[in-house]
Every structure is written in C-alpha cells, then in structure tokens.
Amino acid sequence: MDLVSATALAKRTDEQEREFNDLKAVVEKTERTADALAADKSAGDLESLAAANARLNFRKIHLQEALRIRESKSADAIYTTQKRLEALFHVAVVTVYPMIEEFVNIVNTCDPRHGDYQCNTAMQLCQWLKKQGKSEKAVDIAALLVAALPPNDLIESTKINPIGFVNVFLRNDYVTERLTTLLRKNVPPPTIPKKFKVIVDYSSPNIAKEMHVGHLRSTIIGDSIANLLEFVGHDVLRLSHIGDWGTQFGMLIAHLQDKFPNYLSVSPPIGDLQSFYREAKVRFDDPNEPEFKKRAYNCVVELQSRNPDSIKAWTMIVDVSDRENKQVYKRLKISDKLQNRGESFYDEMMKDVVKQLDEGGHLKLEDGRKLMFVPDCPIPMTVVKSDGGFTYDTSDMATIRHRLQVEKCDWNIYVIDSGQKGHIDMVIKAAEVVGWYNPSEQKNQFVGFGLVLGEDSKKFKTRSGTTIRLSELLDEGLTRSAAKLQEKNRDKDLSKEEFEAARDAVAYGCIKYADLSKNRISDYIFSFDKMLEDRGNTAVYLLYAYTRIRAITRNSGVSAESLQEYLQATPRLPLDHPKEFKLAKKLIQFHEVILSVLESLLMNGLCDYVYELSCVFTEFYDVCYCIEKDRKTGEIVRIHKHRLLLCEATSAVMDRCFKILGITPVSKM
Ligand SMILES: NC(=[NH2+])NCCC[C@H](N)C(=O)O
C-alpha cells in the first residue's frame, strides 16, 4: 500500500472511531434518561412519564441498532447500504426530534439523476408535526436532517428536492470497498438479525394421482424459497406433505389384490399408476360391482388398523408413485433434502388432536359432525365427519401442532396454490385460538400462487383435454430446447456432451425461470415459445449472458490466480469510469435484493435483479474494454484487471442468483 492511501485509511479509521464514540455517548445518555425516568415514576403524571419512557426506549433501540451496524464495520457482518443509510438517518431524526416515533424510510431510486437512494422521512415528519399542531415545511425538515447526519464513509453528497426528498449519492470509495468484500468473500449472504428454524411445505403431490402442473409450481417456487432461506443461514426443513393416506387407498388396495394376487411375494409391475387409479375408480363407481366397493371399504378399515398385509400393499403403491415423482425431481434438480412427510405421518396424532379440541370446548356438534368455528373464517372446519372419519382439516391441524410443538419451528411456510388459502389460514387461526403457539414468537405463513394456464388462457390441458403429464411436459421442453440450439448451429460448435448439457440447462432453466420470474400470486400462462425466446427477461437470455461473461476472463489469458493476487494487493479498485461505477453499485445491491425477497417471498424480485444486472453489465462492456489489442497486429497492449474483476463479480453474483433460483448455468452454450 502506498503512503498516501495508508494515511487516508488511517484518517478514515480515526473519523470512524470518533463517530462511533459520539454514537455511544448518545446511547448512554438515552439510557440514563430512561433509567432516571423509570426511577422517578412516582413523581408527576404517571401516564405521560410512561409514554415518555416508551419513546426513549424506542429511541434507544434504534440507536443501538445504528451502533451495532457501525460497530460491525470491522467485523464480518454484511449490512446493506440501505440499512446503513437508515441507521444514519435514524440518528439524524432522533437528534433533531428526540421524541419521534416514526420509522425512517429509505428507498432505491430509479432515476440516477435522483441519486442512488432517497430518504422520504421528512414528509412523514411533516405529517407527524402537523398532528402535534406544529407546521414545518418538509424541505426545511429535510435540511435539518441532512445537517444532523453523523459523519460517515457512505455518502458522497445529498440533494434536497423541493418536496422534501433527500437524494443520496454514494461515495466511490465506499462502493469499491463493498465490492471488494463481495469478491473476496465470494458473494456472502447479507447479515440477518436472527437465524430461524424454518419449515417449507412444498411440492406435496397426492399419491396415485399424477403430480400435475400445480404441484410443479409448488415444487419450483418452494425449492427456490428454501434455497434462499438456507443461503442467508436459516435452518431449513423441506417437507413434501404428500397425500398418502385416506379412503382412496381402499379401492387401490382392493384392485391390487385382484390384479396382482401374489403381490405379497412378487413386487407388482404397476407401470402406470394413473391408469391403475382410473381402473380402480371405475370399478368402485360401477353399480354392477357392489362386492368391490364393499371390499374397498373393508380395506380402508384394515389399513387404518395397520394390518401388516394392507400396510405392505399401501407401501407398494406409495413407492411406485414416489419413484415417478423422484424422476421429475431429478430432472429438475430439486434439492434432495426435500423429504416426504405427508398425511400418513400425522394419522396417529389426529385422535389426540380431536380429544384436545373437544376438551378445550372448541368443537360444536352439528348433524353428527364435529365442527370448529374459527373467528373471521366464513365456514367452519369439519374436524370429525358424521361417520367418525377425519378430514383434510383434521390432518392439517395435527400437522401444524406437530410443526409448532414437536419440531419447534420458528417459521412454518406453506407453498400451495391460492385455492387452499382459506383452508390454511383457517388452520393457522385455529391453532392460535387453541393456544398452540404465540404469534409473536412463531410465525405461520401461507405462500400462495396462481393457476397455470395454457396459451388459450384456459386451464392447462393437453389437446385432447386430459391433464398434462409432467414427464411429457419435460420431454417436450427438451425437444424444443434442442431445436432452438440447433437453429443457432450450436450443435456444430459444441461437443455432444456440451450440447446436451446446454439443452438440459435451457429446457429446465426455462421452465423454472418462466414460473419464478412472474409474480407468483397471478395465474401464469405456460408457453414454450415465450420462455424459449432469447431476448428479454428469459432464462435463455440470461444463460447466454452468463456464458459470455464467463468467456471474457477465460479468453483474456489472465489466470484466475493472477486476478486473485491483483485483488488481494489492490486496496481500492479504480472504478473511475461512470459505467464501472454503475455496475459496481448494481452488484452491491445484491444484498438488499436478497433481504427484500426474503421479506416478500416473491422470487420474481430476484429474477428482475439478475436481468437488470445483466443489462447494466452490457452497458459497461459496450464501452469499457477489458483487454485492449493493437488493431493491426492483434497483440494485447493493455489488460484492465479491475474490469476483469468486475466481470468475475458479475458472473459470481449471477451464479449465486441462479443457485437460489435452482437454475444450472453452463460454461459453454
Ligand atoms: N399441509 C398441506 N396441506 N400441504 C399441501 C398439501 C397439498 C395437497 N396434497 C394437494 O395436492 O392439494
């Protein structure tokens, strides 16, 4: 490190030290005032003292948060720029208005003329003051806030607009430092306040009925949400709540006994469980086969009482179905941490759940059924049917109790089609009413998604009107993707293995990305033509962009080691070109995007970000040469290593996003 930058660094450290001590002093003072107030409760109006105390505590909490962020500078924590700015503005707000209880609001700006971030708090404060009978203009408040900002290393300049927004421009040094951390730590996750045990209920197909496109959506969205949670450090349990129990097994077992009489000794060759299910159903509904129906009912009773032969038959049917599902998972590279824990797992707990509900006085007898009326729910839950049997409601009540009380999860997420929102919301509310959890300590969340529609905007079906088999859908994806690559003559340039890897990456990447890049709440139109387009926010575009970026360093002749050496030896990357700076800012925004997607569980936020990132990269690459060659001789005359590092950072961030989204990039395409 040269002398100048060493001195600059020392100066900055001094500044930070001072700033840190200032903050500490404010916190201590607040603490003392709060304590004094608490001790002096007897004096004066108790209520107003308590209110003042609450405000001071609020202030203290925010100051401590600010302090924690400042303190972490040297430590390993990764705080987002947004959080850091919020902390700075918090300090400014409480300095100017000590009794304030409003939150600071910092947002990203879309227009670069308005800086990188914008603080909208002056307007909020204006409203707050109005309520206190004071009138101050938002612009004036904004000016006070800016003046009260503690010294910091983030903000280059601020601009107050006439309405009272504060536009914030970031310092180049700060951005460079964040980028260096991102590169050195290979795109680490942002720091989260607390690590949770999270259950993600997703995929959850029903045995013997084919997994359909709705389950495909749940599988894709759920897997990616679980990846995201894991990335930030939560402890994630992935559960597929399969429909593997219930009366339909009666007819399946009865049909199995007829069709494969020696099923106990020879494993029955059920190739196609769908047709098997249909055959059983036809017989079950056939008035000419009353005998079969009776036997099917009997089989249910035997299965319920865990008769070993019935259990064996049941296991066989479940296994066939599971093997089919696993094939879909394998092709789509769904995490193998996803485990089946479905309705049969909770079966034995249901009796006890009903008993507990009954004893707690939560059940009402109506027409022989036991119902639970849950506050704010339009229909009651049927906990016990008139024939004494249990329902989907009962099963989910047992499930939620197990997850909250036995698994002791902090956060229980259901990724199911929106049609089941009413059901799950009711289960969640009921669990609260019964007292199985305290909503301020454990969280249950329904994460819904819309329908999959065909290109005619009607329910997604085959031409002949039957439901689409997932394996066939994936096959079609492969054929279409191979054709697309051939159209571009990729089969000529790539080896057979490379071509196949590219074909798979495109096919499965497209199917996943098309789903994830739309807001999950809306219905979505499944169209191979649209998803295979190579322009716009599609997987094909992004996969190409990624391979191109990867190729830049590969073709530069600069080794990964020498880039690493350069990175370690360079305290400050010279990001002096506006497009370099813009790309760097987009890159460090990654952490913010992760936190915001974590909040909404809307994965399209992450997709939009990767797409924007690749667009900003193109802007940069169009004007900033990484390698300069002599026009005549083609000889390399200059290598801009910091630009190669920007390429590396871009591909590393894209890679992280792809991993979370469950997309497999290829290095050649
Ligand atoms: N806990 C739950 N209910 N999870 C979702 C289960 C989805 C159900 N198997 C279905 O296909 O409709």
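**Ligand contacts and their definitions**

Reader: What makes the approach of Asn 206 to the ligand a polar contact?
Author: A nitrogen atom of the ligand is 2.7 Å from an N or O atom in the Asn 206 side chain. A polar contact is a pair of N or O atoms within 3.5 Å, so this pair qualifies. This is a predicted model, in which local features need pLDDT of at least 70 and side-chain atom pairs 80 or more, while totals for chains, interfaces and linings use all residues. Residues are numbered from 1 along each chain as its sequence is written, and side-chain values use heavy atoms, without hydrogens and water.

Reader: Which atoms of the ligand do the side chains of Asp 201 and Gln 420 approach?
Author: For Asp 201, a side-chain N or O atom is 2.8 Å from a nitrogen atom of the ligand. For Gln 420, a polar side-chain atom lies 2.8 Å from a ligand oxygen atom. The protein buries 90% of the 350 Å² that the ligand exposes when taken alone (Shrake-Rupley method, 1.4 Å probe).

Reader: Why are residues such as Tyr 414 and Ile 416 counted as around the ligand?
Author: A residue is near a molecule if one of its heavy atoms lies within 4 Å of it, and therefore belongs to the shell. Among the residues around the ligand are Ser 204, His 215, His 241, Tyr 392, Asp 396, Tyr 414 and Ile 416. Elements giving two or more residues to this shell are α13 (392-406) and β11 (411-417) (DSSP runs: helices, H or I, at least four residues; strands, E, at least two).

Reader: How is the shell divided by class?
Author: The shell has 3 nonpolar, 5 polar and 2 charged residues. Tyr and Ile count as nonpolar, and Asp as charged.

How values were computed
Polar contact = N/O pair within 3.5 Å; in protein donor to acceptor, adjacent residues only side chain to side chain.
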